[in-house]
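Student: Could you walk me through the odd backbone spots and the main pocket of this protein?

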Amino acid sequence: MNAWSDKTTWGGEFAPTEMETVYIPPGLNLLVDVDKTEMLNAIIVEGSLIFAPHTDKNHHRYFDAHYIFVRNGTMEVGTEEHPYDSKITITMHSQLADPYLPIYGNKVIGCRFCTLDLHGPKRTPEWTVLDSTAEAEATTITLHKPVDWKQGELIGIASTSYNGRHAEKRTIKAIDNTNPEKPVITLDKALEYKHFAMTQTFGTETMDMRAEVGLLSRNVRIRGDPETSGMNQYGATIFLHSQGDDSLIARLENIEMTNMG
């Protein structure tokens, strides 16, 4: 196993600098153990590219590149048995007019005859519903069941109007677990729209109608660069390519993908 931080990995010299390309040949296992890399051009993986979690669960690592191409190799950010349990953000960069990898494009994690493992810790629950209606301009919401969500994480609150665009995203400012069965979340800013939550009876039929609330944040985050992705409507992609057989294995779970597509 060769560590990114070890000078001997790079022939006794320095780690790759901005816009350089890294080639990982067959048989080489490269362990990314640094907090942040320079903006890299491409990483061509024919061996293994492995991201190691930190012992501090709140520690955050960052990895930036234009292309990651895994060909007959392995890319691993955690495994099913041992998820990546600290924090990591992998950011892909490129513009529509930038050079393309044939078939795969740019701003891409491309996987050809490879194994791709991206695993974050399971969150409980991933989504729930409101316990009571949240009015427009409310700065708190009450949930219908216990959650393991944390301050600083991002949630989405579904629309309950005729306009689906009335869904809202907010950051958790605080969580009050005085009643652990119905936690109260303080939002970073007031809601713009009403989000309905009530049990209603129509004749003999009873309907439980409540806005869904989902946790959007995860420890493992794959994203397009935030500076240009939304503005240009051009996000990052994960491209899996095989002949429809077991020559490609991709296992992705409990991760966050932002500014993608």
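Tutor: Here come a few questions on backbone and pocket. This is a predicted model, where local features need pLDDT of at least 70, side-chain atom pairs count only at pLDDT 80 or more, and totals for chains, interfaces and linings use all residues. Residues are numbered from 1 along each chain as its sequence is written, and side-chain values use heavy atoms, with hydrogens and water left out.

Student: Where is Pro 125 placed?

Tutor: Most peptide bonds are trans. The one from Thr 124 to Pro 125 is cis, with omega near -15 degrees. Strands are DSSP runs of E, at least two residues, numbered from the N terminus. Pro 125 sits in the loop between β10 (115–119) and β11 (127–129).

Student: Met 19 isn't a glycine, so what is its relative accessible area?

Tutor: Met 19 has a positive phi of about 65 degrees, and its place is the loop between β1 (2–3) and β2 (21–24). Met 19 counts as partly exposed (between buried, under 20% relative accessible area, and exposed, over 50%; 1.4 Å probe, protein chains only), with a value of 40%.

Student: Which residues lie nearest the centre of the largest pocket?

Tutor: A pocket is an open set of points on a 1 Å grid over the protein atoms alone where a 1.4 Å probe fits, with protein on both sides within 12 Å along at least five of seven lines; lining residues have an atom within 4 Å of a point. The lining here has 27 residues. Nearest the centre are Glu 153, Ser 217, Arg 218, Arg 221 and Glu 256.

Technical notes. Helix = DSSP H or I, 4+ residues; strand = E, 2+ residues; numbered from the N terminus.
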